[in-house]
Each structure stands twice: as C-alpha cells, then as structure tokens.
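Q: Please take a close look at a single residue and its surroundings in this model, and then carry the description on to a sheet elsewhere in the chain.

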Amino acid sequence: MEENLLAPADSRSQEEYAAEVSQIMTVRAMGQVPLAYIRTYGCQQNVADSEKIKGLLERMGFQFTETEEDADFILFNTCAVREHAEDRVFGNVGALKNSKRRHPSQIIAVCGCMMEQEHAAERIRKSFPFVSLVFGTHMIHRLPELLYETITGGRRVFARGGESPVITEGLPVHRDSRFKAWLTVMYGCDNFCSYCIVPYVRGRERSRSPQAIVEEFRALVAEGYKDITLLGQNVNSYGKGLEDPISFAELLRRLDETEGDYRIRFMTSHPKDATHELFDTIAASKHISHHVHLPFQSGNDRVLREMNRRYDREKYLSLVSYAKQKIPDLSLTSDVIVGFPGETYEEFCDTLSLIREVGFTSLFTFIYSPREGTRAAKMDDPIPHEEKARWMAELLRTQEEISTVRCAAMVGRTERVLVEGINEKTGLLECRTDGNLIVETEGPAERIGSFADVAITSAGNFILRGRFAEE
Ligand code: SAH
Ligand code: SF4
Ligand code: F3S
C-alpha cells in the first residue's frame with residue numbers, strides 16, 4: 001500500500017520523530033552507528049539542500065559513507081533541469097536494485113526537483129518498487145517524520161507538493177567543507193523562462209529575512225569559512241515580498257560589514273534584475289568577489305523574447321559595459337542555451353558574436369532539452385540534434401580561443417587565491433582566484449583552506465600554473 005503523506009504533522013515535533021528514528025535505526029544496525037549515503041545531482045541549490053538533509057540525518061544518529069553497499073539509508077537528491085540529468089537518475093536508481101537484493105534492510109529514497117514532477121514520481125512508483133520513500137523539495141524539514149513513517153508504517157511513503165512552501169529556519173546543516181559554504185538567501189523562482197522547469201519544481205520565489213541571513217553569515221565567518229556563496233535562482237530580485245523589502249545590493253552591503261578574512265560570492269544573477277547599484281556595491285566592497293555569473297542564454301533578440309528572458313542584447317551589453325567600467329578586473333561567466341526551438345544558424349551566430357564581445361572567463365553551455373509542462377516544449381523544433389551539436393562545437397571552439405587568450409594574459413601577475421584541494425593524480429594543489437579561475441601549484445596539503453598569493457607562471461586553455469609568491 002502506498003500513501004501520499006499530506007496531512008499536517010501530528011502533535012509530535014520533528015525533534016521527537018528524529019529521536020525515535022535514531023532509536024529504531026540503532027537497533028536495526030545491531031548496535032552499530034547507522035550509515036547514510038547521499039548522492040546529489042544538479043545545481044548548488046540541491047547541494048545546499050543535501051547539506052540540510054545530512055544535518056537532519058545526523059540528528060537522527062546517522063553518520064555518512066561514500067559507499068552505497070555499506071549504507072543503511074540511501075538517498076538520491078535529483079535534478080530535473082535537462083533530460084540527460086533525469087536519465088542518469090533513473091539509470092542509477094535502477095542499479096540500486098542489486099544492492100537492495102543483497103541488503104534487504106536498506107532503505108532507499110529519492111527526493112529533489114525531479115520528484116516534484118508527476119510523471120517522474122509515477123515512474124519511481126511503478127518501475128522501482130524497492131524505493132520506499134519519495135519526497136519533494138518542500139518537504140525537507142519533515143524528513144524525520146517521513147523516515148519514521150517509512151520505517152514503521154510498512155508501506156511506501158510518497159510526500160510531494162501539496163503544502164504551500166514555507167521557509168523553515170533553524171534546520172541543522174552538515175557542511176561538506178570546512179572553508180567553503182553555501183548560504184541560501186531565497187528559494188523558488190517566478191520568472192518562467194519558457195524552457196525552464198525550475199519554477200514548477202521549486203515553487204514561488206520567497207526570500208529569507210535579512211536578519212536570518214546576517215546571523216548565519218556572521219556565524220560562518222566566525223567559524224573560519226573563507227568563501228561564502230549566497231544562493232538563489234535570481235538573487236537580484238531578493239527582498240521582494242519581505243515586510244521591510246531591501247535590495248540585494250543592500251543585503252550585500254550589510255554582509256560585507258562583517259569583520260574577517262573571507263570572500264563573498266553569489267549566484268545566479270538574472271540580467272533583467274541586475275542593477276547598476278549591484279556593480280557599484282561590488283566595486284566599493286571589501287569582501288565581494290570580482291566575479292559575477294550573469295547568464296545571457298542567447299545573443300539574439302527574437303530568441304531572448306521567445307525564451308521570456310525580458311532583456312535584449314543591447315541591455316545585456318550595456319550592463320556589462322557599465323560593470324566593466326566600474327570594476328576593471330571583473331570576471332564574467334555565463335550560461336548559454338544552443339538550439340532553442342526555432343533558433344536559426346544566423347540567430348545562433350548572434351550568440352557567438354556576443355561571446356566575443358564580452359570575453360567571458362568561462363561558460364556553461366547546454367543544448368536545449370525539452371521539459372514537459374514548459375511553454376517551449378510545445379514549440380516547433382525543426383533543427384536536428386546533430387546540427388545543434390555542430391553549433392555547440394563551434395561555440396566551444398570560440399570560447400576556448402577566448403579563454404586561452406584570457407589565461408595567457410594572467411601570466412606574470414600575482415593573484416590572491418584560496419587553496420581548495422589537492423589533485424590526487426598530479427599531487428598539485430588546486431587554488432581558485434577571485435575571478436574564479438583555477439591555478440595549480442606545488443605545495444603542502446596544510447595550505448588547503450587558506451588564502452595565499454600565487455605568482456602565475458604559465459597558462460593552458462582553461463587552467464593556470466603558479467607558485468606561492470613568498471617562495
Ligand atoms: N536561475 C538561473 C539558472 C538555473 S538553471 C538563471 O536564470 O540563470 C541553469 C542553467 O540551465 C540555465 O541558466 C540554462 O542555461 C540551463 N537550462 C535550463 N533549462 C534548460 C533546458 N530546458 N534546456 C537546456 N538548458 C537549460
Ligand atoms: Fe529557470 Fe529562468 Fe528561473 Fe533561471 S530565472 S531558474 S532559467 S525560470
Ligand atoms: Fe536542477 Fe533543481 Fe537546480 S532542477 S538545476 S537541482 S533547482
């Protein structure tokens with residue numbers, strides 16, 4: 001029997017459910033600490049959600065494993081943004097069948113954006129009977145209750161949609177890094193770009209209160225976090241609908257006042273809402289990175305209109321020109337869609353010329369993928385995939401040329417980097433510049449998690465090599 005668990009939570013609090021789950025799981029794991037395996041697909045929003053899920057699981061007595069076979073609880077946090085993302089999820093969930101056969105007590109769960117789509121949840125229900133818990137993006141705070149129901153109810157639990165989304169403050173967070181942190185400032189999206197599923201699976205736009213954000217931010221700085229990224233699908237419309245609405249730029253100014261040695265990043269900025277005030281704020285700030293991710297999607301006005309992006313090429317370029325004038329070392333990155341329904345080769349060439357004109361540090365490039373329920377999915381799409389793939393190859397070649405020139409221009413400069421990790425194969429340290437470029441250096445692993453000055457000694461197409469400046 002299956003259940004849609006949409007009734008309001010009973011009188012037990014989530015903390016009480018968590019305590020009960022903890023007891024039951026310890027018994028089931030025969031005195032051992034129960035282990036959870038979490039796999040996250042998709043964007044930083046999902047990564048941040050998974051850190052909350054892990055926080056809640058910790059509250060329920062779990063520790064974490066990197067191996068599915070060892071886990072008592074397996075959870076896939078899914079993404080619906082393109083078909084390829086969905087196919088991978090179904091493939092990987094299917095592969096869990098064998099693990100479940102070998103370990104019948106394993107609890108297998110799927111959550112995230114895909115599960116907010118009826119057809120995807122139905123497919124899990126019908127084709128993957130070993131998945132015993134499914135929940136959507138608005139249900140994370142009820143995970144203790146959902147897991148309790150799954151373990152004790154003797155039936156599959158499907159808890160999706162149904163509730164008007166609220167912001168739950170105060171959830172525990174298990175952060176994956178000790179020096180890089182994600183901080184969600186707003187949830188959902190109201191923009192309904194015609195190709196995009198996100199507004200359907202993440203619900204309406206809602207902002208956290210500035211007080212809650214400032215408090216979390218200060219705590220992160222005090223704990224020693226060096227690189228804090230503010231998250232939202234469209235951070236520049238932050239603040240709408242709050243009792244005392246404030247702009248995103250104002251929020252940035254308040255955060256930037258915090259004393260300490262750290263960098264602020266943010267994503268994503270929608271060009272229709274990015275203001276001159278934003279770039280003035282970055283220019284005047286102490287801690288805000290001179291890197292902005294500003295997706296343009298297409299360089300052609302007709303395509304932009306059909307995408308419902310609500311800016312045109314000229315507005316985008318004039319915003320970029322203002323930004324570069326205010327912040328001469330500004331590093332811009334972007335997202336692009338190739339082969340939107342009805343796009344012609346000539347229109348695609350406007351995308352190529354925009355890329356040359358702006359000179360992006362790097363690009364995230366996507367071939368258009370139809371998403372059921374969106375407006376673009378109903379549009380005529382006559383260009384075959386192979387043709388779009390050729391356009392994509394041309395776009396990648398163009399960007400590679402630009403990136404190569406840009407990287408070469410960095411040689412001889414000294415950059416302040418955050419040392420982020422070590423490449424297991426080469427043994428080199430991987431560092432990130434303020435502008436979001438990767439520099440590889442030789443050096444001791446003890447440097448990981450701290451800032452350093454690095455002299456750039458050579459450049460590849462996308463990656464730089466350097467050495468610590470004081471050596
Ligand atoms: N809120 C962000 C983007 C979130 S989705 C913004 O507006 O910029 C991340 C990227 O995926 C988008 O910028 C877009 O380039 C790409 N994308 C979204 N839907 C897509 C689709 N149906 N097909 C191909 N790419 C898509
Ligand atoms: Fe999707 Fe557009 Fe919202 Fe970004 S702004 S999440 S592309 S609808
Ligand atoms: Fe994917 Fe959901 Fe992010 S659809 S891109 S994980 S908001």
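Which residue lies in the loop between β6 (133-135) and α5 (143-153), and what surrounds that residue?

A: In this predicted model, the loop that runs between β6 (133-135) and α5 (143-153) holds T137. T137 has a relative accessibility of 11%, and because buried means under 20%, this residue counts as buried. Leaving aside residues up to four places away in sequence, the contacts of T137 are with G112, C113, E116, V201 and R202. For V201 there is also a polar detail, since a polar atom of the T137 side chain lies 2.9 Å from the backbone oxygen of V201.

Turning to the sheet, the strands β8, β11 and β12 form an open sheet of 3 strands in the order β8-β11-β12, and their pairing is parallel. The edges are taken by β8 (180-184) and β12 (263-267), each of which has a single partner strand, so one side of each is left without a neighbour in the sheet. On average, and with direction ignored, neighbouring strands of this sheet are turned by 25 degrees against each other. The pairing of β11 (residues 227-231) with β12 is parallel and extends over 5 bridges; within this pairing, L231 has M267 of β12 as its bridge partner. Helix α7, which covers residues 210-222, packs on the sheet and touches β8, β11 and β12, while the direction of α7 makes about 175 degrees with that of β8.

Definitions and conventions: Residues are numbered from 1 along each chain as its sequence is written. Chains are lettered from A and ligands numbered from 1 in the order in which they are written. This is a predicted model: local features need pLDDT of at least 70, side-chain atom pairs count only at pLDDT 80 or more; totals for chains, interfaces and linings use all residues. Side-chain values use heavy atoms; hydrogens and water are left out. Two strands pair if DSSP finds at least two bridges between them. Helices (H or I, at least four residues) and strands (E, at least two) are DSSP runs, numbered from the N terminus. Axes are lines fitted to C-alpha atoms, for helices over the stretch in contact, and angles run from 0 to 180 degrees between N-to-C directions. Contact means heavy atoms within 4.5 Å. Buried means under 20% relative accessible area, exposed over 50%, partly exposed in between (1.4 Å probe, protein chains only). A polar contact is a pair of N or O atoms within 3.5 Å; within protein, one must be able to donate a hydrogen and the other to accept it, and residues adjacent in sequence count only if both atoms are side-chain atoms.
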